[in-house]
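User: I am new to this structure and would like a close look at a single part of it. Please keep the sentences short.

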Amino acid sequence: MKRLTGFLLVGIVGFLIDGGILLCLTEIFHIEVILARLASFPAAMVTTWLLNRTFVFTSNPSVSFAEFFKYFTVQGTGAIINFTVYSVLVTITRLSDYPVIALAIAALLAMIFNYAGANKIVFNRKAPN
């Protein structure tokens with residue numbers, strides 16, 4: 001349970017980064033909502049990898065390219081889920097006017113996959129619950 005709580009807290013930080021950059025790009029720079037996501041997601045992903053490896057899954061202190069690649073692969077698959085849901089919502093609903101709501105819905109749907117992948121594939125170490 002401790003891991004899941006930590007993962008959710010890190011996810012909130014990632015969401016705030018993703019959403020903050022998304023709002024900045026769409027509202028200030030008037031970049032199209034789907035294109036803006038292509039910039040906001042990588043910043044959030046790198047941040048969540050660093051936070052998850054440090055605080056949630058207590059990974060090896062030395063940064064590993066292999067670990068980052070596994071995280072990128074798992075999160076990339078989760079991003080496909082996330083981005084697909086997001087794209088559908090902003091394309092076929094009025095949520096293009098509220099892209100952060102679409103982002104929240106998409107993030108919640110991808111979260112289960114991301115947690116399972118991080119826990120079982122990327123940081124596959126036993127830790128106290």
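Which residues of H2 are buried? Please take that helix as the starting point and work outwards from there.

Analyst: A word on the source comes before the details: this is a predicted model.

Helix H2 covers residues 33-56. Its buried residues are Val33, Ala36, Arg37, Ser40, Ala44, Met45, Thr48, Trp49, Asn52, Arg53 and Val56. The cover over these residues includes H1, H3 and H4. H2 is not straight throughout. It bends by about 25° at Ala39. A proline, Pro42, follows within four residues of Ala39.

Two of the buried residues in H2 are arginines that deserve a closer look: Arg37 and Arg53. Take Arg37 to begin with. Arg37 forms a salt bridge with Asp18, and the closest N and O atoms are 2.9 Å apart. This pair links distant parts of the chain. Asp18 sits in helix H1 (residues 2-28), Arg37 sits in H2, and 19 residues separate them. How covered are the two partners? Arg37 has a relative accessible area of 3%, so it counts as buried. Asp18 is at 5% relative accessibility, so it is buried too. The cut-off behind both calls is under 20% relative accessible area.

Now Arg53. Its salt-bridge partner is Glu67, with the closest N and O atoms 2.5 Å apart. This pair also joins distant parts of the chain: Glu67 belongs to helix H3 (residues 65-92), Arg53 to H2, and they are 14 residues apart. Both Glu67 and Arg53 are buried.

Arg53 has another neighbour to note. Ser64 touches Trp49 and Arg53, leaving aside residues up to four places away in sequence. Trp49 and Arg53 are both on the list of buried H2 residues. Ser64 lies in the loop between H2 and H3. Its relative accessibility is 26%, so Ser64 counts as partly exposed.

Move back along the chain to the other end of H2. The loop between H1 and H2 holds His30. His30 comes just after H1 and takes a positive phi of about 55°. That stands out because most residues other than glycine have a negative phi. His30 is at 64% relative accessibility, so it counts as exposed.

Next, the helices that help cover H2. Start with H1. The buried residues of H1 are Arg3, Gly6, Phe7, Val10, Gly14, Asp18, Gly19, Leu22, Leu25 and Thr26. They pack against H2, H3 and H4. Asp18, the partner of Arg37, is among them. The length of H1 fits expectation. Its 27 residues should span 39 Å at 1.5 Å a residue, and its end C-alpha atoms are 38 Å apart, so the two values agree.

H4 (residues 99-122) gives another picture. A straight helix of 24 residues would span 34 Å at 1.5 Å a residue, but H4 spans only 30 Å between its end C-alpha atoms. H4 also has a kink of about 40°, centred on Met111. Its buried residues are Pro99, Ala102, Leu103, Ala106, Ala110, Asn114, Tyr115, Gly117, Ala118, Asn119 and Val122. What covers them includes H1, H2 and H3.

H4 has a surface side to its story as well. Ile81, Tyr98, Ile101, Ile105, Leu109 and Phe113 make a nonpolar surface patch of about 540 Å². Helix H4 supplies the largest share of that patch, four residues. Take Ile105 as one example from H4. At 36% relative accessibility, Ile105 is partly exposed, because that value lies between the cut-offs of 20% and 50%.

One more pair completes the set of salt bridges. How many are there in the whole structure? A search finds three. Besides the two pairs that involve H2, the side chains of Asp97 and Arg94 meet at 2.9 Å, N to O. Here the cover is another matter. Asp97 has a relative accessible area of 41%, so it is partly exposed. Arg94 is at 65%, so it is exposed.

Back to H2 for the close. It bends at Ala39. Its buried residues lie under cover that includes H1, H3 and H4. Arg37 pairs with Asp18, and Arg53 pairs with Glu67.

Conventions
Residues numbered from 1 in each chain as written. Predicted model: local features only at pLDDT ≥ 70, side-chain atom pairs only at ≥ 80, totals over all residues. Heavy atoms only, no water. Patch = residues over 30% accessible without salt bridge, like charges linked within 9 Å, V, L, I, M, F, W, Y side chains within 5 Å. Areas by Shrake-Rupley, 256 points an atom, 1.4 Å probe, with all protein chains shown as cover. Salt bridge = Lys/Arg side-chain N within 4 Å of Asp/Glu carboxyl O. Buried < 20%, exposed > 50% of the residue type's maximum accessible area, 1.4 Å probe, protein only. Contact = heavy atoms within 4.5 Å. Expected span 1.5 Å × (residues − 1). Bend = angle between axes of the 7 residues up to and from the residue.
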